[in-house]
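Dear colleague,

I am passing on the structure below, together with some notes on its aromatic side chains. Please read the notes alongside the coordinates.

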Amino acid sequence: MKTFAVLLAAGSSTRFGQDKLWMPFRGRPLWTRSYDVLAACPVVDAVGIVCPVGRERDFRAYAPDAAFVLAGGSSRQDSSRIGTEAVPIEVQNVLVHDAARPLVTDALIRRIVDAVERTGAAFPAVPVVDTVKQRSGGGWTTPDRSTLVAVQTPQGARRDLLVRAHQEASGETTDEASLLESIGVTVESVEGEVRNIKVTNPEDASRMMSAMETRTGLGYDVHAFSTDPERPMWLGGVEFDSKPGLDGHSDADALLHAVTDALLGAVGLGDIGHLFPNTDPRWKDVRSSHFLAEAAAAVRAQGWDIVHVDATVLAERPKVAPRHAEVVAAIAEAAGVPIGRVSVKATTNEGLGAIGRGEGVAAFAVATVRKFDVY
């Protein structure tokens, strides 16, 4: 593993008035949104959770694949240390993210990881837009806001630097960047995101919930069966023992092509033929799971979450039902979403038309995506 993320979820939510991390958010506890985005990001190899003492089992129930779920300490810095030291020693980079920032995006995570690769440590920052006053004696001074930034998470660093910072720090700090700076490490700033708010009070939650856009995309694809008797049969990212397979430039997986087009269409990014033209030799016989993974990454790079994928296969063969669970799992893995967000159905065409005559396979897909725009 190269990059490991630690999700800090051990806070007391004192200012919020209730345990904000367990507040319902899209039908699940709020903290799971951060966990899901980190876990689905291709540049993050594993995610561990630091939670309140005694709540380990509760958090594990919603994140069964977490690398660890550990009880935190008495302060944020303590919890950060516990999580960082739990990361395997062979891991190169560590990201630390506050679970109360549920709108973190794939694109922001990638920017932090890229910066850590370049310089060893990084944090995201956004410009301060309000005038800031600083108490001075009995009055106030006004700093130049053009020199100020608001700092966010995830913050990242080489594991060895962050472990050393925790070991050598002499006082409490509020974030990893300050901790690293206290031992002389230069920390790079990267562009943060205004929407990456930290839920601190109920007003933050209300603003976040109300600033939501949902879109739906439709995908369709059809392929005829190949005249090559040895052509492999790929459908839904699974190879079926039903030759010949479908004819096409890539592996001709009609189901994955439909899902890919549905995702791209939902956010206005064109279609599979635009991104992966069949005139390009690079895509000759390439697995369509690659196309779906790239499309899903492009969707997330635009700030969208993949909420659900629903697909229907029309075919006389192969029979999807015996391998339905494998197909759902393959689509979920390529799209980077939990299995519960994927639905696949299959039917015949009752002998009607080309599909009914067994000349090929068609597939429809609908993808739902959601974006939280907080300004």
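**Aromatic contacts**

Trp283 has a relative accessible area of 12% and is therefore buried. Please bear in mind that the model is a predicted one. Phe276 is likewise in the buried class, its relative accessible area being 11%.

Across the structure there are 11 aromatic pairs. One of them joins Trp31 and Tyr62, whose rings meet edge-to-face, with 6.4 Å from centre to centre and 80° between the planes. Because Trp31 belongs to helix H1 (residues 31-40) and Tyr62 to helix H2 (residues 56-62), this pair ties together parts that are 31 residues apart in sequence. The two partners can also be described by their accessibility: Trp31 counts as buried at 0% relative accessibility, whereas Tyr62, at 36%, counts as partly exposed. Phe276 and Trp283, the two buried residues named at the start, also form an edge-to-face pair, and here the centres are 5.1 Å apart and the planes make an angle of 85°.

Trp31 and Tyr62 also belong to a cluster, in which ring pairs link them with Trp22, Tyr35 and Phe59.

Two arginines are placed over aromatic rings as well. The charged end of Arg287 sits over the ring of Trp234, at 3.7 Å from the centre of that ring, while Arg317 lies over the face of Phe225, with 3.9 Å to the ring centre.

With best regards

Terms used
Residues numbered from 1 in each chain as written. Predicted model: local features only at pLDDT ≥ 70, side-chain atom pairs only at ≥ 80, totals over all residues. Heavy atoms only, no water. Phe/Tyr/Trp six-rings, centres within 6.5 Å; stacked < 30°, edge-to-face > 60°. Helix = DSSP H or I, 4+ residues; strand = E, 2+ residues; numbered from the N terminus. Buried < 20%, exposed > 50% of the residue type's maximum accessible area, 1.4 Å probe, protein only. Lys NZ or Arg CZ within 6 Å of the ring centre and 35° of its normal.
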